[in-house]
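Here are a few exercises to work through with the structure open beside you. Try each task before reading its solution.

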Amino acid sequence: MTSFLPLYRQSAPQSCEAMHRGLWFERFFSAYTDGFNDIDPIRRNDWLNEFSRKTAGDKAVLETKAQNMQTLAASQGGQARIYHCAGSFITGLGNPHPLENGFTWHHTLGTPYLPGSAVKGLVRAVIETAYQDTEEKRRNLLQRWFGTAEKGDVAEHSGSFIFMDALPVRPCQLHVEVMTPHMNRWYEKGRKTPLAADTQPGDWHAPVPITYLTARNLFLQMIILPRPGAGDTAVLQQELQDLWQALDYGLQWLGAGGKTAIGMGRMERNEKEEERLNEIRQAKQRQAELKSLSPAMQDVQAFINEFSDQHAQYPSFKEKSNGAFHNKARALAKKALESADWSTDEKRAAAEAIEEWLPKLVRIEIKEERKKLKLAVLKGNA
């Protein structure tokens, strides 16, 4: 009879270096004893340490996903914000796993993330514990936003808002943490044998170090959408801001994920990261728009984009003389005049672009170029 080794022993790579981190963590645990009837503690720690100080997630993929989700949120009248967890973050600690300490991984992105249900639960916890108004108003608010006034009730209807999964917008770093419970026997068997010496809680027990996986330097994009048909748009937009205020409070003071009692999962909004993603999204939109234009209009639009970016970045730049920009205007004018493929409308667009943007950045007069282009346009019309 032929014996087969487990998949990770016969064909899979022996390191998670080039693997989907979540797939490796969930499916390729290899720290069993030789008989596969127990876990070898030394192999266990060695296997988990393979994740230590490794990054999780692909930068380009995460940015593209974040931009797509931001576009979705805007199209539905919702909003996306980015929160930064400078310390440790863990989610899914209670998930079943041979380590006895699980971890929640996104199935396709290969990164830790916070499910939308956890975001919704955090906001609800803030409303239930920190809402400062009458009990009746608090219950009405919970009923409207979440569908029930009490968690155990059967929902009469869906809540007014949708909470999306909080996904990373850039790769994070994985780290191995250690906890040292002194009375693990008490937690395991104390209820069944409360009088036994080895299960009684006491300071004579030796600590048992247990390692588990965490993420650091995590940037999560959180999205809240008003549910279509849930009410007046203006009212929903106002309540959306109230929800964000509750979420800000919860992330800053309560934390998200596991082990929040010891300070894990505390986050703050990072508007700088939001601006960075917006700039990337706008640049991609420009590239897509350029590809849809004719070759001549691509040259004109590229000229406009470069000048408008400089003007937005340096609004006082027009006080200086910059020969490089003037030379680019000359080059565009020359191409419009000499190319036989440019239509009259494309030449006119080039003339208007030079006339509009060049004086905003340099003090050099461009009457000569302007006259040449206008003359060429007139000849084309003739």
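**Exercise 1. The length of a helix**

Task: This is a predicted model; check whether the end-to-end distance of helix α9 (residues 271-291) agrees with or departs from a rise of 1.5 Å a residue.

Solution.
- Step 1: Helix α9 holds 21 residues, and at 1.5 Å a residue it should span 30 Å. The count that enters the product is one less than the number of residues.
- Step 2: In the model, the end C-alpha atoms of α9 lie 31 Å apart, which agrees with that expectation.
- Step 3: You can repeat this for α4 (59-75). With 17 residues, α4 reaches 25 Å from its first C-alpha to its last, close to the expected 24 Å.

**Exercise 2. The buried faces of α9 and α4**

Task: Find which residues of α9 are buried, and work out where they sit as seen down the helix axis.

Solution.
- Step 1: Take under 20% relative accessible area as the cut-off for buried. In α9, Glu273, Glu274, Leu277 and Ile280 are buried.
- Step 2: Looking down the axis of α9, these buried residues fall within an arc of 130°, so they line one face of the helix.
- Step 3: Turn to the other side of α9, where Lys272 and Glu279 are exposed.
- Step 4: Ask what lies over the buried residues of α9: the cover includes α4, β2 (79-89), β6 (210-226) and β7 (268-269).
- Step 5: Now treat α4 in like manner. Its buried residues are Leu62, Glu63, Ala66, Gln67, Met69, Gln70 and Ala73. They fall within an arc of 165° seen down the axis of α4, so they too line one face of their helix. Their cover includes β2, β4 (167-168), β6 and α9.

**Exercise 3. Two helix pairs**

Task: Describe how α4 packs with α9 and how α5 packs with α8, then sort the contact residues of each pair by class.

Solution.
- Step 1: Two packed helices are described by the angle between their axes and the distance between those axes.
- Step 2: For α4 and α9, the angle is about 85° and the axes are 10 Å apart. That makes α4 roughly perpendicular to α9.
- Step 3: The α4 side of this contact consists of Lys59, Glu63, Thr64, Ala66, Gln67, Gln70 and Thr71, which meet Arg276, Leu277, Asn278, Ile280, Arg281 and Lys284 of α9. By class, three are nonpolar, five polar and five charged.
- Step 4: For helix α5 (residues 116-130) and helix α8 (residues 233-254), the angle is about 90° and the axes are 9 Å apart. These helices are therefore roughly perpendicular to each other as well.
- Step 5: From α5, the contact takes in Val119, Leu122, Val123, Val126, Ile127 and Ala130; from α8, it takes in Leu243, Ala246, Leu247, Tyr249, Gly250, Leu251 and Leu254. The classes here are twelve nonpolar, one polar and no charged residues.

**Exercise 4. Surroundings of a cysteine**

Task: Is Cys172 buried or exposed, and which residues distant in sequence does Cys172 touch?

Solution.
- Step 1: Locate Cys172 in strand β5 (residues 172-179).
- Step 2: Its relative accessibility is 2%, so Cys172 counts as buried.
- Step 3: Leaving out residues up to four places away in sequence, Cys172 touches Lys54, Thr55, Ala56, Pro112, Ala215, Arg216, Asn217 and Leu218.
- Step 4: Compare sequence with space: Cys172 and Gly57 are 115 residues apart along the chain, yet their C-alpha atoms are separated by 7.1 Å.

**Exercise 5. Positive phi values**

Task: Inspect the phi values of Asn217 and Glu100, and say where each residue lies.

Solution.
- Step 1: Most residues other than glycine have a negative phi.
- Step 2: Asn217 has a positive phi, near 55°. Asn217 belongs to strand β6 and is partly exposed, with a relative accessible area of 36%.
- Step 3: Glu100 also has a positive phi, near 70°. Glu100 sits in the loop between β2 and α5 and is exposed, with a relative accessible area of 67%.

**Exercise 6. The whole chain**

Task: How many helices and strands does the protein chain have, and what share of its residues is buried?

Solution.
- Step 1: Count the elements: the chain has 13 helices and seven strands.
- Step 2: Of its 382 residues, 38% are buried.
- Step 3: Take the contacts between residues at least 6 apart in sequence; 71% of them join residues at least 24 apart.

Technical notes:
Residues are numbered from 1 along each chain as its sequence is written. This is a predicted model: local features need pLDDT of at least 70, side-chain atom pairs count only at pLDDT 80 or more; totals for chains, interfaces and linings use all residues. Side-chain values use heavy atoms; hydrogens and water are left out. Helices (H or I, at least four residues) and strands (E, at least two) are DSSP runs, numbered from the N terminus. Buried means under 20% relative accessible area, exposed over 50%, partly exposed in between (1.4 Å probe, protein chains only). Contact means heavy atoms within 4.5 Å. Axes are lines fitted to C-alpha atoms, for helices over the stretch in contact, and angles run from 0 to 180 degrees between N-to-C directions. Angles under 35 degrees count as roughly parallel, over 145 as roughly antiparallel, 65 to 115 as roughly perpendicular and the rest as oblique. Ala, Val, Leu, Ile, Met, Phe, Trp, Tyr, Cys and Pro count as nonpolar, Asp, Glu, Lys and Arg as charged, and the others, Gly among them, as polar. The arc is that of the directions from the helix axis to the C-beta atoms.
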